[in-house]
Amino acid sequence: MKCPFCSEEINDNAIKCKHCGEVLNQSAFNNLNNQYSRESSNYVPEDDAIKAAFDKIDANNGKFVAEFNGLALILGLIWYMIKGMWAKAFILFILVLISGGLLAIPLWIYCSFAGYYDYYLFKVKGKNLW
Ligand SMILES: [Zn+2]
């Protein structure tokens with residue numbers, strides 16, 4: 001068949017065009033990506049709350065899911081450091097300093113909702129930053 005995006009000849013079963021890189025079958029492409037990320041990371045969630053949050057993110061094709069994290073609300077950036085996300089914690093901490101502390105409260109709230117997702121990026125996707 002011909003790619004609908006660039007009209008080059010491609011395999012009938014292609015998930016992604018090899019010429020222009022457009023995704024031709026979004027759901028198959030997402031499945032492939034998810035399988036790859038969870039299997040290749042060899043990561044086993046250390047508690048049920050993290051596992052539940054990661055399953056939701058997987059179900060959303062690895063995209064952001066706001067999932068409340070009580071521990072991160074209490075600990076904020078300290079939770080990030082405990083989990084090994086030093087680079088992210090450091091940048092967020094600098095932001096608090098630059099803002100003269102103004103960003104501290106919004107940031108703590110951010111940590112409590114984005115903590116699991118940031119941890120997912122860190123553990124499953126291997127990203128230290130965003
Ligand atoms: Zn193409």
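Is Ser7 buried or exposed, and how many other C-beta atoms lie within 10 Å? Ser7 is exposed, with 10 other C-beta atoms within 10 Å; here a residue is exposed if 12 or fewer other C-beta atoms lie within 10 Å of its own, buried if 20 or more do, and partly exposed in between, with C-beta atoms placed from the backbone.

Before the views, two notes. This is a predicted model, in which local features need pLDDT of at least 70 and side-chain atom pairs count only at pLDDT 80 or more, while totals for chains, interfaces and linings use all residues. Residues are numbered from 1 along each chain as its sequence is written.

**View 1. Ser7 and Gly21 in the segment before helix H1.**
Ser7 sits ahead of H1, which covers 26-41; helices are DSSP runs (H or I, at least four residues), numbered from the N terminus. Ser7 isn't a glycine, yet its phi is positive, near 65 degrees. Gly21 is found in the segment before H1 too, and with 10 C-beta neighbours inside 10 Å it counts as exposed. Look from Gly21 to Cys6: they are 15 residues apart along the chain, and their C-alpha atoms are separated by 9.5 Å.

**View 2. The two sides of helix H2 (residues 48-59).**
Take the 12 residues of H2 at 1.5 Å each and you should get a span of 16 Å, which agrees with end C-alpha atoms 16 Å apart; the expected span is 1.5 Å times one less than the number of residues. Ile50, Ala53, Phe54 and Ile57 are the buried ones in H2. They cover an arc of only 100 degrees around the axis, so they are on the same side of H2; that arc is taken from the directions from the helix axis to the C-beta atoms. Over on the other side of H2, Asp48, Lys51, Ala52 and Ala59 are exposed.

**View 3. Where H2 meets helix H6 (residues 104-123).**
H6 is part of what covers the buried residues of H2. The two helices pack at an angle of about 75 degrees, with their axes 10 Å apart. The axes are lines fitted to C-alpha atoms, for helices over the stretch in contact, and angles run from 0 to 180 degrees between N-to-C directions. H2 and H6 are therefore roughly perpendicular to each other, a label for angles of 65 to 115 degrees (under 35 is roughly parallel, over 145 roughly antiparallel, and the rest oblique). On the H2 side, Ile50, Ala53, Phe54 and Ile57 meet Tyr116, Tyr117, Tyr119 and Tyr120 of H6; a contact means C-beta atoms, placed from the backbone, within 7 Å. The residues of this contact divide into 8 nonpolar, no polar and no charged.

**View 4. Asn61, in the loop between H2 and helix H3 (70-75).**
Asn61 follows H2 and has a positive phi, near 60 degrees, though it is a residue other than glycine. Asn61 is partly exposed, with 13 other C-beta atoms within 10 Å.

**View 5. Helix H5 (residues 86-98) and what it packs against.**
The 13 residues of H5 should span 18 Å at 1.5 Å a residue, and its end C-alpha atoms are indeed 18 Å apart. Lys88, Ala89 and Leu92 are the buried residues of H5. They cover an arc of only 95 degrees around the axis, which puts them on the same side of H5. These buried residues pack against helix H4 (77-82) and H6. On the other side of H5, Trp86, Ile94, Leu97 and Ile98 are exposed. After H5 comes Gly100, with a positive phi near 70 degrees.

Notes:
Two residues are in contact if their C-beta atoms, placed from the backbone, lie within 7 Å. Ala, Val, Leu, Ile, Met, Phe, Trp, Tyr, Cys and Pro count as nonpolar, Asp, Glu, Lys and Arg as charged, and the others, Gly among them, as polar.
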